[in-house]
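Please open the structure in a viewer and keep the sequence panel visible. The tour proceeds from one selection to the next.

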Amino acid sequence: ISQYSKLISNFPYEYEFYKERAKLKKVTNDLEGCKNDRKIARILKKEITTEKVLTNYKSIELLNKLIKVDPNNKEFISNRADYYENGGDYDLGIEDLSKLIYLDSKDAENYFKRAILHKKNEDFESALEDLTNTIKIESKHFDAFINRALIQIGLNNFKDARDDLFHVISNDPDKDLFCYFVLAEISLKENPKSKDIRTFENALKYCDYALASSEISDSSIEVLNIVESQIYALKCAFYFKCGISFSKYKKEITNVFELNSGLYALSRYFPDEDIAKIYRFYDRELNLERIRKREIEYEKFRNSDDRKYNDKLSPAENLQKFIDDEVNFYLN
């Protein structure tokens, strides 16, 4: 029975496991348990086939039937909470996670998952409480620290947010990119009226640390995926805010557009009219760069062996060759 229970916790929809466990429960005279397992096996055999993929709604319907038979089955309740979250029914998901916490108050992940649903419901106080409980149970749950920091930023508790982010940086290098990026963004939120670039010296350093860090690891951080262009866009926001001319941070502007998601990255910090100014500068600089490169390439081309007069060809043939080469150069 113990072995089958372990299998069921890993594969909660395999009806054969319930069927076999029912036989053993009958042997041990657990007639009620035997009856429940047989019911669950029948429901699963009827509802789940290898050919049929259940929709979110159908999955919840199935789990409702299974939980009615086995009200304290943690796997079923946890899965139903996930489906409620997928369907946007956060309150029902919170109810299921609350039941799981009642059944096992030492499982940090259930507090964390409930915190995320509270956050989606914009109940930030409850989310903070659940994240703090997550950390009390599992001190190395760094996604909990990060999500707590993000909520603190939304509540303008910048010091608490920094403390959580620095704690993650000290203990989980995989998340350095994200944490340094958020630390830099805090400076932008914390100093909305400052136009002195010295105010943002640390923030610019954090951007550079983020660029030097490895990519963010998979985690439950409910935010945009940070890419390099996003970090360069943030650096541009600091310089622009302080009235520094585009030519002083040409490299950052170029990187925003040439890495990926340039316009999307800028839209996080700039209105459309300012993005248009930045793009016009980039386009002008790009054209100048193209001209400079073309002049260098043309000089090399003009002095190459191919451009020398060929004694084996007539003057007319030499002229035609020069013209053809010139045309090909510009086309390339």
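By about how many helical turns are Glu20 and Lys23 separated in helix H2? Select residues 15-27, which make up helix H2; helices here are DSSP runs of H or I with at least four residues, numbered from the N terminus. Glu20 and Lys23 are three residues apart in this helix, and therefore separated by about one helical turn.

Before continuing, note that this is a predicted model, in which local features need pLDDT of at least 70 and side-chain atom pairs count only at pLDDT 80 or more, whereas totals for chains, interfaces and linings use all residues. Residues are numbered from 1 along each chain as its sequence is written, and side-chain values use heavy atoms, with hydrogens and water left out.

**Salt bridges**

Display the side chains of Glu20 and Lys23: they form a salt bridge whose closest N and O atoms are 3.2 Å apart. The term denotes a side-chain nitrogen of Lys or Arg within 4 Å of a carboxyl oxygen of Asp or Glu. Glu20 is partly exposed at 25% relative accessibility, and Lys23 is partly exposed at 45%. (Buried means under 20% relative accessible area, exposed over 50%, and partly exposed in between, with a 1.4 Å probe and protein chains only.)

Next, select Arg21, Lys25 and Asp37, which a network of salt bridges links. Over the whole structure, a search finds 22 salt bridges.

Move to helix H16, which spans residues 272-302. Here Lys300 is paired with Glu297 in a salt bridge, with 3.8 Å between the closest N and O atoms. Lys300 is exposed, at a relative accessible area of 54%, while Glu297 is partly exposed at 40%. In helix H16, Arg302 and Glu299 also lie three residues apart, about one turn of the helix. Their salt bridge has its closest N and O atoms 3.2 Å apart.

**Aromatic pairs**

A search of the whole structure yields 23 aromatic pairs. Rings of Phe, Tyr and Trp (its six-membered ring) pair if their centres lie within 6.5 Å; planes under 30 degrees apart count as stacked, over 60 as edge-to-face and the rest as tilted. Select Phe240 and Phe270: the ring centres are 5.2 Å apart and the planes stand at 80 degrees, so this pair is edge-to-face. Phe240 belongs to helix H13 (residues 228-241) and Phe270 to the loop between helices H15 and H16, so the pair ties together parts 30 residues apart in sequence. Phe240 is partly exposed at 25% relative accessibility, whereas Phe270 is buried at 6%. Extend the selection to Tyr239, Phe246, Tyr249 and Phe281, which form one aromatic cluster with Phe240 and Phe270.

**Nonpolar cores**

Phe270 also leads to the largest nonpolar core, of 59 residues, where it is among those with the most contacts, as are Leu234 and Ile253. A nonpolar core is a set of buried Ala, Val, Leu, Ile, Met, Phe, Trp, Tyr and Cys residues joined through side-chain atoms within 4.5 Å. Helix H11 (residues 176-190) supplies the largest share of this core, ten residues. Apart from this core lies another of 19 residues, including Ile40, Leu63, Ile94 and Leu97.

**A last selection**

Finally, select helix H17 (residues 315-331), where Leu319 is located. Leu319 is exposed, with a relative accessible area of 51%.

Note on methods. Helix = DSSP H or I, 4+ residues; strand = E, 2+ residues; numbered from the N terminus.
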